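Work through the following exercises with the sequence and the structure side by side. Try each task before you read its solution.

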Amino acid sequence: SDKSSGFCAGVDIGEKIIANAKTKYDGPIFEVVNAWNTLDLLKVKIKHGSMLKGSASMGYDVVYADIGGLSGAHGLLESLALLDSISKALEPRCIVIKSQCMKRLASQLVPYSRVKNKT
């Protein structure tokens, strides 16, 4: 991959998912990593040398999180805790999430302006 165009890594806790991604996609780096261990997420970037060439940030610019396994009774709180942990450790400019429990929450939220106008 072209190092001048940025750093891209795909991580997942599932070994089979990472093995499949490595055979399917040529270019991005894929590693088995538990996202709850944010230090390991930083180590992926260090391991592949993207921090050695004058990178201004230790963290990541954008994080895409598929929070599929956290959809049970406590999924919302666990998802928020994981996003908070990633945000503090990696300091991304943006976090894009795919999460069923967050989608359910978002569908129930009402803009403050709509609530304020009713009173």
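**Exercise 1: Two buried residues**

Threonine 38 has its place in helix H2 (residues 38-47), where helices (H or I, at least four residues) and strands (E, at least two) are DSSP runs, numbered from the N terminus. The model is predicted, with local features needing pLDDT of at least 70 and side-chain atom pairs counting only at pLDDT 80 or more, while totals for chains, interfaces and linings use all residues. Residues are numbered from 1 along each chain as its sequence is written, and side-chain values use heavy atoms, with hydrogens and water left out.

Task: Decide whether threonine 38 is buried or exposed, and find which residues it touches.

Solution: Begin with the cut-offs, by which buried means under 20% relative accessible area, exposed over 50%, and partly exposed in between (1.4 Å probe, protein chains only). Threonine 38 has a relative accessibility of 14% and therefore counts as buried. Next come its contacts, a contact being heavy atoms within 4.5 Å. Not counting residues up to four places away in sequence, threonine 38 touches Ser85, Ile86, Ala89 and Leu90.

Task: Do the same for glycine 59, which lies in the loop between H2 and S3.

Solution: The relative accessibility of glycine 59 is 5%, so this residue counts as buried. If neighbours within four places in sequence are left aside, glycine 59 is in contact with Leu42, Lys45 and Leu90. As a last step, compare sequence and space: glycine 59 and alanine 89 are 30 residues apart in sequence, and their C-alpha atoms are 7.2 Å apart.

**Exercise 2: A strand and its partner**

Task: Sort the side chains of strand S3 (residues 62-66) by the face to which they point, and then state in which sense S3 pairs with strand S4 (residues 94-98).

Solution: Start from the general rule that side chains in a regular strand alternate between the two faces of the sheet. In S3, Val63 and Ala65 point to one face and are buried, whereas Val62, Tyr64 and Asp66 point to the other face and are not buried. Then turn to the pairing, which requires that DSSP finds at least two bridges between two strands. S3 and S4 pair in the parallel sense over 5 bridges, and aspartate 66 stands opposite lysine 98 in S4.

**Exercise 3: Two helices in contact**

Task: Describe how helix H3 (residues 75-90) and helix H4 (residues 100-108) are arranged, and list the residues that make their contact.

Solution: Two packed helices are described by the angle between their axes and the distance between the axes. Axes are lines fitted to C-alpha atoms, for helices over the stretch in contact, and angles run from 0 to 180 degrees between N-to-C directions. The axes of H3 and H4 come within 9 Å and cross at roughly 105°. Angles under 35 degrees count as roughly parallel, over 145 as roughly antiparallel, 65 to 115 as roughly perpendicular and the rest as oblique, and H3 and H4 are therefore roughly perpendicular to each other. Gly75, Leu76, Ser79, Leu80 and Leu83 of H3 make the contact with Cys101, Met102 and Leu105 of H4.

**Exercise 4: An unusual phi**

Task: Say where glutamate 91 lies and what its phi is.

Solution: Glutamate 91 lies in the loop between H3 and S4, and at 60% relative accessibility it counts as exposed. Most residues other than glycine have a negative phi. The phi of glutamate 91, however, is near 45°, a positive value in a residue other than glycine.
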